Amino acid sequence: MFKAQQWGREIAMPTREADAEWDGDFQSGRGRMQLPADFDRAFDGRSRLESGASLNPEDLIGAAHAGCFSMGLADRLTSQGYAPQHIHTHARVHLGQTDGGWRIERIDLETEAAAKGLGARELQEAAESTKAACPVSKALAGVDIALTTRLVEPR
Amino acid sequence: MPIRTSEAEWVNEGAGGGCRFLPRSAEADSVFDFRSRMQAGPGSSPEELIGAAEAGCLSMALAARLAAAGFRPERVKTTARVHFAPKGGEWRIDRIDVTAQAAAPGLTEARLASLARQAQDDSPVTRALGGVYIAIDAQLIQRPPDVQGAAVGPGDRHADA
């Protein structure tokens, strides 16, 4: 959780986290979006501003973005001739308060990818293009998206 | 063209109320693939979670707007239909149709419609989805029987009810 200044007072800004994975190539592969909290537990104003056991709308945004990005990266790597084995993306959704109320200000995507013959630079370039092109990124036009990539040894 | 429907509901449960995603709007492990996402096959999709997030966020924002306007909301149920289609060679989330249903004593259709539009402006998820056209339709509903207590007389209530 990162800190911010508000009216000269340091407040904790809520961050919600989610994960998604994609196994295999684009056409025949399969993805899984993991929701980080209890689906059946009701959420409220407090649960959205805390990390906790309730599933909040921001968790779903993070999981959807991580899922869309992982599938999109598999598509891009497949079309570039790499055979992606496994992609794992972690999303951190930052909620912040502005004059006009609460906003989703930024989403950090951290992605790990394993594909035979893939280098760190190729992965970074493919991930940057995917970040711009993925339908959920495009839908989230009001949000800054930060990206980090990590190459993982294929099995 | 796949259209994903997700729902969330806010219910006044005493201490300020709480909101829940309705089953099938999202699952603990949401598995998806090309067919489930692009061909509306069995399984989930990122768009289903986007719809659930929009429905949940709007339900909560509308309940807050109703309370701030002096109404006592009993129930707000929101359905989001997310349209996912290929446009010019790429897949896009091009539209979300939101239907918000609300029950509150003294509430009129016109007032609900106006408060629902304001709730759209408050909702962090709606604001984040700046790249999508979102249409909102608001409907007044009656209090549900379990909240109304129509089937249960005062003498029949359980001690813990």
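Here is a short chat about how the helices, strands and chains of this predicted model fit together.

The model is predicted, so local features need pLDDT of at least 70 and side-chain atom pairs count only at pLDDT 80 or more, while totals for chains, interfaces and linings use all residues. Residues are numbered from 1 along each chain as its sequence is written, and chains are lettered from A and ligands numbered from 1 in the order in which they are written.

User: What makes up the secondary structure of chain A?

Analyst: Chain A has 4 helices and 7 strands. Those names stand for DSSP runs, numbered from the N terminus: helices are H or I with at least four residues, strands are E with at least two. Along the sequence the pattern reads β-β-β-β-α-α-β-β-α-α-β.

User: How do you know that the radius of gyration of chain A agrees with a compact globule?

Analyst: The rule is 2.2 Å times the number of residues to the power 0.38, and the radius is taken over C-alpha atoms. For 155 residues that gives a value near 15 Å, and chain A has 17 Å, which agrees. Its C-alpha atoms fill a box of roughly 50 × 35 × 25 Å along the principal axes.

User: Why is H2(A) called oblique to H3(A)?

Analyst: Helix H2 (residues 57–79) and helix H3 (residues 120–133) of chain A cross at roughly 125°, with axes coming within 9 Å. Axes are lines fitted to C-alpha atoms, for helices over the stretch in contact, and angles run from 0 to 180 degrees between N-to-C directions. Under 35 degrees counts as roughly parallel, over 145 as roughly antiparallel, 65 to 115 as roughly perpendicular, and the rest as oblique. So H2(A) is oblique to H3(A). Residues making the contact include A:Phe69 and A:Leu73 of H2(A) and A:Ala126 and A:Thr130 of H3(A).

User: And why are H2(A) and H2(B) called roughly antiparallel?

Analyst: The axes of H2(A) and helix H2 (residues 46–68) of chain B cross at roughly 160° and come within 8 Å. H2(A) and H2(B) are therefore roughly antiparallel. The crossing is left-handed, meaning the near helix is turned anticlockwise from the far one by less than a right angle (clockwise would be right-handed). Among the residues in contact (C-beta atoms, placed from the backbone, within 7 Å) are A:Leu60, A:Ile61, B:Leu49 and B:Ile50.

User: What classes do the residues of that contact fall into?

Analyst: They divide into 12 nonpolar, 2 polar and no charged. Ala, Val, Leu, Ile, Met, Phe, Trp, Tyr, Cys and Pro count as nonpolar, Asp, Glu, Lys and Arg as charged, and the others, Gly among them, as polar.

User: How many residues does each chain bring to the contact?

Analyst: Chain A and chain B take part with 35 residues from each. On the side of chain A, H2(A) gives the most, with 7 residues. By class, that side has 23 nonpolar, 7 polar and 5 charged residues.

User: What joins E4(A) to strand E3 of chain B?

Analyst: 5 bridges join E4(A) to strand E3 (residues 29–33) of chain B, and the strands run antiparallel. Strands pair if DSSP finds at least two bridges between them. A:Arg32 stands opposite B:Val31 in E3(B).

User: What makes E2 and E6 of chain B edge strands?

Analyst: Each pairs on one side only. They belong to an open sheet of 5 strands in the order E2-E1-E4-E5-E6, with mixed pairing.

Methods
Two residues are in contact if their C-beta atoms, placed from the backbone, lie within 7 Å.
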